[in-house]
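Could you walk me through this model in the viewer, one selection at a time? I would like to know what to click on next and what I will find there.

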Amino acid sequence: RRLTVAKRVVLHIGAMKSGTSFIQAVCSKNKAALEREGILFAGATWREQVVAVRDLIDSHPPAPNGPWNRLVAQINAWPGTAIVSMEYLAPRRDRRIAMIQEAFAGADLQVVLTARDLARNVPAMWVESVQNRGVSTWDGFCEQVREEAPAQGQDRTPGSWFWKHQDIAAIAARWSGVVGRDHFTLITVPQAGAPPETLWQRFAEVAGITADLGNLKVASNPSI
């Protein structure tokens, strides 16, 4: 039996609070238009990507017929480009990254990391922690972010949780070290006040999407 693989897989790994919700919403809203261009935004809904990535992270290894391997099978059956966008992927260590690379062996795997400046991401991450039942005050959160060294994939304190998801240099080094620098792209989020289409255009260029394809009018996701 001939093994089928996608021609190209664009894996948008985050980071958190870097326009990920906007990119995911645009891809979801324009799923049919993307497919007409030969581009699959994987899963029937984006929620399937979330469940699949959680399965990859939590299972040792994921079950053959579980959510992750079902998503992989759908992607590898697609003859063109497939896109996955899930910010839980950014902190993964070498072993999980290698598993992802192996899942799409034979395809052109392109990893995309979006990054926003820390001046905007510190307050955004604090609000994110509060929304998820964190109890750190703003001052306490800032103090831990300043004083805590980036942890080795741990998130036992607010400071280590922050750096797990926002140590962009470490995340970039880890992923590019496994997949190769030619298969890794860092996209910077435009400065505050820039039109939203700027981020989309940057992502679309890397993903091979026609820049003016689709409707960019999606619900906003403000921190507060």
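Is C142 buried or exposed? Select C142 to begin: its relative accessibility is 13%, under the 20% cut-off, so C142 counts as buried. Keep in mind throughout that this is a predicted model.

**The cysteines**

Now add C27 to the selection. Its relative accessibility is 0%, so C27 is buried too. If you were about to look for a bond between sulfur atoms, you can skip that step, as the structure holds zero disulfides.

**Where α6 meets α8**

Next, select residues 118-131, which form helix α6, together with residues 158-166, which form helix α8. The axes of α6 and α8 lie 11 Å apart, and the two helices pack at an angle of about 125 degrees. An angle of that kind is why α6 and α8 count as oblique to each other. The crossing of α6 and α8 is right-handed.

Show the side chains at this contact. From α6, pick L118, N121, V122, M125, E128 and S129; from α8, pick W161, F162, W163, H165 and Q166. Colour them by character and you should find six nonpolar, four polar and one charged residue in the contact of α6 with α8. As you look along a helix, remember that an α-helix has 3.6 residues a turn, so residues three or four places apart point the same way.

**Helix α10 and what surrounds it**

Move on to residues 197-207, helix α10. Which residues of α10 are buried? They are T198, L199, W200, F203, A204, V206 and A207. To see what these buried residues pack against, switch on β1 (8-12), α1 (20-29), β3 (81-85), β4 (108-115) and β5 (184-188). Then step just past the end of α10 to G208, where phi is positive, about 80 degrees.

**T81 in strand β3**

From A207 you can hop straight to T81, since A207 is one of the contacts of T81. T81 sits in strand β3, and a relative accessibility of 14% means that T81 counts as buried. Leaving aside neighbours within four places in sequence, the other contacts of T81 to display are R8, V10, G38, I39 and L40.

**Backbone stops**

The last stops are for the backbone. Most residues other than glycine have a negative phi, and most peptide bonds are trans. Here are some places to check against that.

- Select G14 and A15: the peptide bond from G14 to A15 is cis, with omega near 10 degrees. A15 belongs to the loop between β1 and α1.
- Stay in the loop between β1 and α1 for K17. Though not a glycine, K17 has a positive phi of about 60 degrees. K17 is buried because its relative accessible area is 17%.
- Jump to H60 and P61, which are joined by a cis peptide bond with omega of about -5 degrees. P61 lies in the loop between α3 (46-58) and α4 (67-76).
- Finish at R133, in the loop between α6 and α7 (138-147). R133 has a positive phi, near 75 degrees, and is not a glycine.

Before you close the viewer, is R133 buried or exposed? Turn on the surface there: at 78% relative accessibility, R133 counts as exposed, whereas K17 counts as buried.

Technical notes. Residues are numbered from 1 along each chain as its sequence is written. This is a predicted model: local features need pLDDT of at least 70, side-chain atom pairs count only at pLDDT 80 or more; totals for chains, interfaces and linings use all residues. Side-chain values use heavy atoms; hydrogens and water are left out. A disulfide is a pair of cysteine sulfur atoms within 2.5 Å. Buried means under 20% relative accessible area, exposed over 50%, partly exposed in between (1.4 Å probe, protein chains only). Axes are lines fitted to C-alpha atoms, for helices over the stretch in contact, and angles run from 0 to 180 degrees between N-to-C directions. Helices (H or I, at least four residues) and strands (E, at least two) are DSSP runs, numbered from the N terminus. Angles under 35 degrees count as roughly parallel, over 145 as roughly antiparallel, 65 to 115 as roughly perpendicular and the rest as oblique. A crossing is left-handed if the near helix is turned anticlockwise from the far one by less than a right angle, and right-handed if clockwise. Contact means heavy atoms within 4.5 Å. Ala, Val, Leu, Ile, Met, Phe, Trp, Tyr, Cys and Pro count as nonpolar, Asp, Glu, Lys and Arg as charged, and the others, Gly among them, as polar.
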